Amino acid sequence: VALQGVAQATHYLSSEPPQNKTMKAEQTDVFSPVPAVVTPGKACGDAPSDATVLFDGTNLDQWVSDNGGAPQWTVADGCMTVKPRSGGIHTKQSFGSCQLHIEWRTPSPAKGKGQDRGNSGIFLQSQYELQVLDSYNSATYVNGQAGAIYKDTPPLVNVCRPPGQWQTYDVFYTAPVFNPDGSVKSPAYET
């Protein structure tokens with residue numbers, strides 16, 4: 001998995017490129033494809049019109065436990081909460097490339113250290129784990145802290161809030177593409 005979006009500028013334009021001096025403005029106009037119209041949510045935090053809402057704060061209808069049964073997690077006050085020793089859950093629907101908005105919080109007061117402190121994860125395509133962990137003033141290996149692609153790529157920064165406060169991930173995921181022989185044509189990207 002590779003992270004995209006890391007800027008590596010090696011040259012900054014200090015003036016307009018020479019070819020632009022002879023071009024007419026209409027030579028750079030692009031008219032297609034026309035982007036689809038997506039209606040934003042009515043209020044801040046509401047999902048846009050093209051979203052697949054996986055949790056609406058009332059039930060776990062879009063989810064199944066990893067053992068195939070109904071999820072045993074608790075739903076209360078608009079939140080889903082892991083029930084200890086109930087196992088993981090995953091969406092009933094499969095996804096490839098997607099944009100994902102996640103809000104999460106870790107227990108307060110904090111208990112444990114490192115990987116034993118509010119540990120969970122979001123698996124993309126059952127393969128790439130985006131780490132969910134209380135990394136606020138809590139040392140652990142860098143490719144295992146919040147925001148890491150677990151055991152692969154550390155996050156660029158640690159922006160965790162204190163335990164008990166809501167955290168947000170907005171993830172842009174591009175699924176890998178494979179050649180007919182199984183070799184990687186383009187890797188997965190997660191930003």
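Surface patches here are made of residues with over 30% relative accessible area and no salt bridge, and nonpolar side chains are joined within 5 Å. In this predicted model, one such nonpolar patch covers about 340 Å². Leu156, Val157 and Val159 make the patch. Val157 sits in the loop between β7 (128-132) and β8 (167-174). The relative accessible area of Val157 is 55%. Exposed means over 50%, so Val157 counts as exposed.

The overall architecture was examined next. The protein has 0 helices and 11 strands. Its pattern along the sequence is therefore strand after strand, β-β-β-β-β-β-β-β-β-β-β. The radius of gyration is 21 Å, whereas the globule rule gives 16 Å for 191 residues. The value is well over the rule, so the protein is more spread out than a compact globule. The C-alpha trace spans about 65 × 45 × 35 Å along its principal axes.Burial and contacts were then computed for the whole chain. Of the 191 residues in the protein, 25% are buried. The accessible surface comes to about 13600 Å². Carbon and sulfur atoms account for 53% of that surface. Among contacts with a separation of 6 or more, 45% join residues 24 or more positions apart.

One sheet contains 3 strands. Its order is β5-β8-β11. The sheet is open, and the pairing is antiparallel. β5 (98-104) and β11 (189-190) are the edge strands. Each of these edge strands pairs on one side only. β8 and β11 are joined by 2 bridges in the antiparallel sense. Tyr173 has Glu190 in β11 as its bridge partner.

A second pairing links β6 and β7. These strands run antiparallel and share 5 bridges. Together β6 and β7 form a hairpin, with 3 residues between them. Gln125 lies in the turn and has a positive phi of about 55°. Ser120 stands opposite Val132 in β7.

Two residues of this hairpin were followed in detail. Gly121 belongs to strand β6 (residues 120-124). Gly121 has a relative accessibility of 24%. Buried means under 20% and exposed means over 50%, so Gly121 counts as partly exposed. Gly121 touches Glu129, Leu130, Gln131 and Val132, not counting residues up to four places away in sequence. The C-alpha atoms of Gly121 and Tyr150 are separated by 8.5 Å. Along the chain, Gly121 and Tyr150 are 29 residues apart.

Gln131 is placed in strand β7. The relative accessible area of Gln131 is 1%. The cut-off for burial is under 20%, so Gln131 is buried. With residues up to four places away in sequence not counted, the contacts of Gln131 include Gln115, Asn119, Ser120 and Gly121. Gln131 also touches Gly144, Gln145, Ala146, Gly147 and Ala148. Tyr150 and Tyr169 are among its further contacts.

Definitions and conventions
Residues numbered from 1 in each chain as written. Predicted model: local features only at pLDDT ≥ 70, side-chain atom pairs only at ≥ 80, totals over all residues. Heavy atoms only, no water. Patch = residues over 30% accessible without salt bridge, like charges linked within 9 Å, V, L, I, M, F, W, Y side chains within 5 Å. Areas by Shrake-Rupley, 256 points an atom, 1.4 Å probe, with all protein chains shown as cover. Salt bridge = Lys/Arg side-chain N within 4 Å of Asp/Glu carboxyl O. Helix = DSSP H or I, 4+ residues; strand = E, 2+ residues; numbered from the N terminus. Buried < 20%, exposed > 50% of the residue type's maximum accessible area, 1.4 Å probe, protein only. Pairing = 2+ DSSP bridges. Contact = heavy atoms within 4.5 Å. Rg over C-alpha atoms; globule rule 2.2 N^0.38 Å.
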